[in-house]
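User: Please take a close look at one part of this model, the open sheet, and at the contacts and backbone features that lie around it.

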Amino acid sequence: MTLLDGRWIGKLYSGEWKPGGGKTHDVLSPATGEVLGAIGTATPEDVTDAARVANDARVEWAARPYTERAAVLRRAGDLWKSHADEIVDWLMRESGAIGPFGHFQVTTSAEECYEAAALAAAPYGELLRSHEQRLSMSRHVPVGVVGVISPFNVPTILAIRAVAPALALGNAVILKPDLRTSISGGAVIAALFAEAGLPEGLLHVLPGGADVGEAVVADPLVRVIAFTGSTRAGRAVGALAAQHLKRVHLELGGNSALLILDDVDIEKAASVGAWGSFVHMGQICMATSRHLVQTGIAADYVSALAAHADHLPVGDPTTGTVALGPIIDEKQRDAIHGIVTRSVMAGARLAAGGTYDDLYYRPTVLADVPRTAPAYTDEIFGPVAPIVAFDAVEEAIRMASDTPYGLSLGILTTDVTRGLEIAEQIPSGLVHINDQTVNDEATVPFGGVGNSGTGSRHGGAKANLEAFTDVQWITVRGSLPAYPF
Ligand code: NAD
């Protein structure tokens, strides 16, 4: 049995599949340009209606035994796996992901649901000391309706990582996926929870543009926003959320550094670096965006990385024979190429790539990148590896920190203790010693600092409990106290 049997065509999901108030949107395959289907889109009025339905539905959901919520989440986890091939097929065709990266998304999305199921059963409060004769405690209670706004690049994980824990903790959810990946990042999730037996009205999937996202943020019944996307849009979402006095979790862009010290094996380091910059065409917030290499090994590292780049096959992921698929659309490809071109004009040396055919961008290596060039200063979000050499480690620490972003950091060295000492001096939400910058698991508190986010976290029981609940202080006395009045 297929998960998506066509019920979604021309529709959005608001407890049931139905037409939205907006025009239908043609979802395109970046690999072939083929129209994969027209999905229904929402209007701000649809958001208002969904928030009302969600706010009604969440009361009974929160009152149910936790075992029932956990069971729905466990079934959802199983369904990611039993429908894996179909979902990966959508991810390949809709987002340009290669098969293995699609399977990684499906496996991690299932894990997100299993972790959320466990969260439904986890302790949710504390006993507090009191100088009064009373029981004093704090407990986490559902916030009500959670709004989730997700980007195109890793559509299933970046939606489910908030949807699953929010539901498990007794909330209802409105998910607004990016229009470009609204099938794998929206319709799939709606169909999956419907099949898992989630009661009607608790999950609404409303594809749309920024206006629909803004309506989700502004709706008075939506109490918490989990936003993943660009720093530019995150700033707007943060400002709007502040105006409406609501909590917002912002997971934004990055410009992450990989420090490569001269005591490492160059060939192995180049393989690690190639993965960090080229996996999923570099369209990952944690992508290795600057390779900072110690001078003694810099020339050999450039050659080794360029050899990797030159050998990676690029093409239609559905053929199963490529390492990189297409860039999501022309706008994104042109932004990548603009950064490469301007950086070369600024003095960077093109060691590999720098060319494209339609949406297929060759993995690119830029050496000797000036610290004022856009490949050094900006988030590229494409398969580009800018390399800069450094002499002393102190200089590398300054360079790695020389960015308003602070999402991920990798340090390659045989001296692990030194690696940890270096990491302490560079602001970053995620740090990997002897690995590149792209790492994610359902059990970890994920998030960035600076322009990469508000420092709040998704992932793991502790961070998710904080993210999607309110804290309530409760006291209980055995009898009425006597007051002087
Ligand atoms: P984007 O900011 O253009 O869009 C993300 C989502 O926000 C989409 O659903 C979009 O429709 C919506 N949106 C845009 N403007 C909005 C507004 N004013 N109000 C409400 N919603 C709005 O991002 P993108 O191009 O789809 O994704 C790429 C960006 O996302 C990169 O910068 C990347 O680094 C970042 N990202 C961050 C993480 C993380 O966890 N830190 C993960 C993945 C991607």
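Analyst: The answer below starts with the sheet and then turns to its surroundings.

This is a predicted model, in which local features need pLDDT of at least 70 and side-chain atom pairs count only at pLDDT 80 or more, while totals for chains, interfaces and linings use all residues. Residues are numbered from 1 along each chain as its sequence is written, and side-chain values use heavy atoms, with hydrogens and water left out.

Seven strands make up an open sheet of mixed pairing, in the order β2-β1-β9-β8-β7-β10-β11. Its edge strands are β2 (17-18) and β11 (247-251), each of which pairs on one side only. Strands here are DSSP runs of E with at least two residues, helices are runs of H or I with at least four, and both are numbered from the N terminus; two strands pair if DSSP finds at least two bridges between them. Within the sheet, β7 (residues 145-149) and β10 (residues 222-228) run parallel to one another over five bridges, and Val 145 stands opposite Val 222 in β10.

At the edge strand β11, Arg 247 meets Asp 470 in a salt bridge with an N to O distance of 2.7 Å. Because Asp 470 lies in strand β21 (residues 469-476) and Arg 247 in β11, this pair ties together parts that are 223 residues apart in sequence. A salt bridge is taken as a side-chain nitrogen of Lys or Arg within 4 Å of a carboxyl oxygen of Asp or Glu, and a search of the whole structure finds eleven of them. Asp 470 is partly exposed at 33% relative accessibility, and Arg 247 is likewise partly exposed, at 26%; buried means under 20% relative accessible area, exposed over 50% and partly exposed in between, with a 1.4 Å probe and protein chains only.

The loop between α8 (231-243) and β11 holds Leu 245, whose phi is near 50 degrees, a positive value in a residue other than glycine. Leu 245 counts as exposed, with 73% relative accessibility. A positive phi, of about 60 degrees, also occurs at Met 281, which is not a glycine. Met 281 is found in the loop between α9 and β13 (288-294) and is buried, at a relative accessible area of 1%.

For a salt bridge within a helix, one may turn to Arg 93 and Asp 89, where the N to O distance is 3.2 Å. These residues are four apart in helix α3 (residues 84-95), and therefore separated by about one helical turn.
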